Amino acid sequence: MPPSAASHHRSHSLLLLQKLLNLRDKASPLTLILDNLEQPAHPVLNEFMTRAKISKAKIIFIALSTLKKPPLADVFIRGRHKSLQQLASEIIPHVTPSPSSPNQKNILLFDTIHPLLSTPSHLPSFLQSIIPPLTTSCLLVYHTDIPLLPQSTPYTPTPLSVLTHLSTSILTLAPLSHVLATKAAENKSLPAPVFGLHSSREGVLLSLRPPSSPQGVVITMELRRKSGRVVQEKFVLFPSTPTTTAQHRQQTKGVGGVILLSDHPAFSTATTEEEGEGIQATFNLGLTEKQRRDREGVVLPYFDAQTEVGGGEGGRILYDMGREDDFDEEEDEI
């Protein structure tokens, strides 16, 4: 990709994610966040709430697994052991525009959606009732490691299928250290490493990470535009924590930094590591400078055919007879 095109692609992709994180220009009314035990959604939710606080949006936190109110939340609603109708009756008054502030932006955060998935067919009407157009954006966290009960009929769509169909953007999370390890194995044509529950080891829930492992959250963004076009890109989010290095922070206080995954120094090193090592073999495939000069000085037989007078005319064959050759006038005279 030319430098100008690569720079344009980088700027355009970062702008799309920044608009999504800042919830500007109605970027996504319904965002689905897919997390797991290895990479929970808390850093991404905190990033959304931090940016919403800066833009003076009302943060409505629906707690289905959280016990304490987050410091940045304006409204805290406990949703456990409540039906969809009861939960909607508590949420709607907070998202309904008031005459004093009709353009007040709201952000709904569900820390998990699993307790509400017992009746997936009711999800579309429930979400439509609590998300007013133009003023409210909703974030749903779906834990991919939690198994669900089988559907009553094989023709019923799964809750995840319903949510992905309704969502206007999908964010899939993964630890940066795992992505780098997988990339390094891929470059060496080795099997991809497995972590945590996927290792199928008894009693193993989480994989251990050394303190020196790269910190960051890899976000695979799938943004669905109004035109129907889907934009996909991978980013690295550096949450604004004391462990975050200064070079990966933005100028705004408390806001984490975002870069493309391909621009991360560790990912670039993992990509080009094999190129620097060369092919490991018991023989040398390269040529020295003397061998290269000797090869260029060899005169091949077909070069003489090009320099002979009338060479190439009528399919002439140039052949120099040797001492052991037996000349036959009928067969060898051409």
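This is a short dialogue on reading helices, strands and burial in a predicted model.

Q: Where do I begin: what does the secondary structure of the protein come to?
A: Happy to start there. The predicted model has 10 helices and nine strands. Buried residues make up 34% of its 334 residues. The accessible surface is about 21300 Å², and 56% of that belongs to carbon and sulfur atoms.

Q: In what order do the strands form the sheet?
A: Follow the pairing from one edge to the other. Here the order is β3-β2-β4-β5-β1-β6-β7-β8-β9, in an open sheet of nine strands with mixed pairing. The edge strands, β3 (75-78) and β9 (257-260), each pair on one side only. From one strand to the next, the twist averages 25°.

Q: In which sense do β2 and β3 pair?
A: Strand β2 (residues 58-63) pairs with β3 in the parallel sense, over four bridges. For a place to look, find Ile 60, which stands opposite Val 75 in β3.

Q: Which strands do helices α3 and α5 lie across?
A: Take one helix at a time. Helix α3 lies across β2, β3, β4 (106-110) and β5, and runs at about 155° to β4. Helix α5 (residues 159-166) lies across β1 (30-35), β5, β6 (169-175) and β7 (217-224), at about 135° to β1.

Q: How are two packed helices described?
A: The general idea is to give the angle between their axes and the distance between the axes. In this case, the axes of α3 (residues 84-95) and α4 (residues 123-130) come within 9 Å and cross at roughly 20°. Angles under 35 degrees count as roughly parallel, so α3 and α4 are roughly parallel to each other.

Q: Which residues meet where α3 contacts α4?
A: From α3 come Leu 84, Leu 87, Ala 88, Ile 91, Ile 92 and Val 95, and they meet Phe 126, Ser 129 and Ile 130 of α4. By class, this contact has eight nonpolar residues, one polar residue and no charged ones.

Q: Now a single residue: is Ser 137 buried or exposed?
A: The cut-off helps here: buried means under 20% relative accessible area. Ser 137 has 12% relative accessibility, so it counts as buried. You will find Ser 137 in strand β5 (residues 136-143).

Q: Which residues does Ser 137 touch?
A: Leaving aside residues up to four places away in sequence, Ser 137 touches Leu 23, Ser 28, Pro 29, Asn 106, Ile 107 and Leu 108. For the protein as a whole, take the contacts with a separation of 6 or more: residues 24 or more positions apart account for 64% of them.

Notes. Residues are numbered from 1 along each chain as its sequence is written. This is a predicted model: local features need pLDDT of at least 70, side-chain atom pairs count only at pLDDT 80 or more; totals for chains, interfaces and linings use all residues. Side-chain values use heavy atoms; hydrogens and water are left out. Helices (H or I, at least four residues) and strands (E, at least two) are DSSP runs, numbered from the N terminus. Buried means under 20% relative accessible area, exposed over 50%, partly exposed in between (1.4 Å probe, protein chains only). Contact means heavy atoms within 4.5 Å. Axes are lines fitted to C-alpha atoms, for helices over the stretch in contact, and angles run from 0 to 180 degrees between N-to-C directions. Angles under 35 degrees count as roughly parallel, over 145 as roughly antiparallel, 65 to 115 as roughly perpendicular and the rest as oblique. Ala, Val, Leu, Ile, Met, Phe, Trp, Tyr, Cys and Pro count as nonpolar, Asp, Glu, Lys and Arg as charged, and the others, Gly among them, as polar. Two strands pair if DSSP finds at least two bridges between them. Accessible areas come from the Shrake-Rupley method with a 1.4 Å probe; for residues, only the protein chains shown count as cover.
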